[in-house]
Amino acid sequence: LTGDAAAGKTVFAVCMSCHSRDEGVNNVGPSLYNIVDRQAGTIEGFNYSDANKNSGITWTEEELFVYLKDPQAKIPGTKMVFPGLPDPQKRADLIAFLKS
Ligand code: HEM
């Protein structure tokens, strides 16, 4: 699946209630600045759940694609209360945006 960053920017609106893309800006959720290929649970200054912090995940595009479908399934006990995005194209677009 090829993602479209411009379309992903629109999808990101559903994440913005909890996440900023600006470096160092943590809200309900951690900043998503440079999140692609980062080790889970390593955004400076954010108070993660043990489940997220100890997940051992690296946020590759593939891992994000699975996670964003159903966060609770990928990381049982995560405090990210978000049902997920069932539409694979929306997830691909969102990941393209997060990379951009
Ligand atoms: C964690 C992405 C929506 C709250 C995360 C992480 C990612 C992510 C990649 C892991 C960060 C890391 O390990 O450093 C997204 C995306 C969203 C979205 C792309 C939209 C599709 C939301 C929403 C909320 C939220 C709507 C609030 C209702 C959180 C919280 C965490 C988190 C609290 C930390 C989880 C923990 O420590 O267990 N998010 N998120 N997210 N997100 Fe989201």
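The largest pocket of this predicted model is the space taken by the ligand. Around the ligand stand 28 residues, among which C15, C18, H19, S49 and M80 come nearest. By class, this shell is made up of 20 nonpolar residues, seven polar residues and one charged residue.

Three side chains place a polar atom close to an oxygen atom of the ligand, and their distances are set out below.

| Residue | Atom in the side chain | Atom of the ligand | Distance |
|---|---|---|---|
| Y48 | polar atom | oxygen | 2.6 Å |
| N52 | N or O atom | oxygen | 3.0 Å |
| T78 | polar atom | oxygen | 3.0 Å |

For Y48, the polar side-chain atom lies 2.6 Å from a ligand oxygen, whereas the value is 3.0 Å for an N or O atom in the side chain of N52 and 3.0 Å for a polar side-chain atom of T78.

The backbone offers a second topic. Most residues other than glycine have a negative phi. In the loop between α1 (5–11) and α2 (50–53), however, N34 is found with a positive phi of about 55 degrees, although N34 is not a glycine. D37 is found in the loop between α1 and α2 as well, and the phi of D37, likewise a residue other than glycine, is positive at near 75 degrees.

Is D37 buried or exposed, given its relative accessible area? D37 counts as exposed because its relative accessible area is 55%, and the exposed class begins over 50%.

Note on methods:
Residues are numbered from 1 along each chain as its sequence is written. This is a predicted model: local features need pLDDT of at least 70, side-chain atom pairs count only at pLDDT 80 or more; totals for chains, interfaces and linings use all residues. Side-chain values use heavy atoms; hydrogens and water are left out. Helices (H or I, at least four residues) and strands (E, at least two) are DSSP runs, numbered from the N terminus. Buried means under 20% relative accessible area, exposed over 50%, partly exposed in between (1.4 Å probe, protein chains only). A residue is near a molecule or strand if one of its heavy atoms lies within 4 Å of it. A polar contact is a pair of N or O atoms within 3.5 Å; within protein, one must be able to donate a hydrogen and the other to accept it, and residues adjacent in sequence count only if both atoms are side-chain atoms. On a 1 Å grid over the protein atoms alone, a cavity is a set of points where a 1.4 Å probe fits but cannot get out, and a pocket is an open set with protein on both sides within 12 Å along at least five of seven lines; lining residues have an atom within 4 Å of a point. A molecule sits in a cavity or pocket if more than half of its atoms lie within 2 Å of its grid points. Ala, Val, Leu, Ile, Met, Phe, Trp, Tyr, Cys and Pro count as nonpolar, Asp, Glu, Lys and Arg as charged, and the others, Gly among them, as polar.
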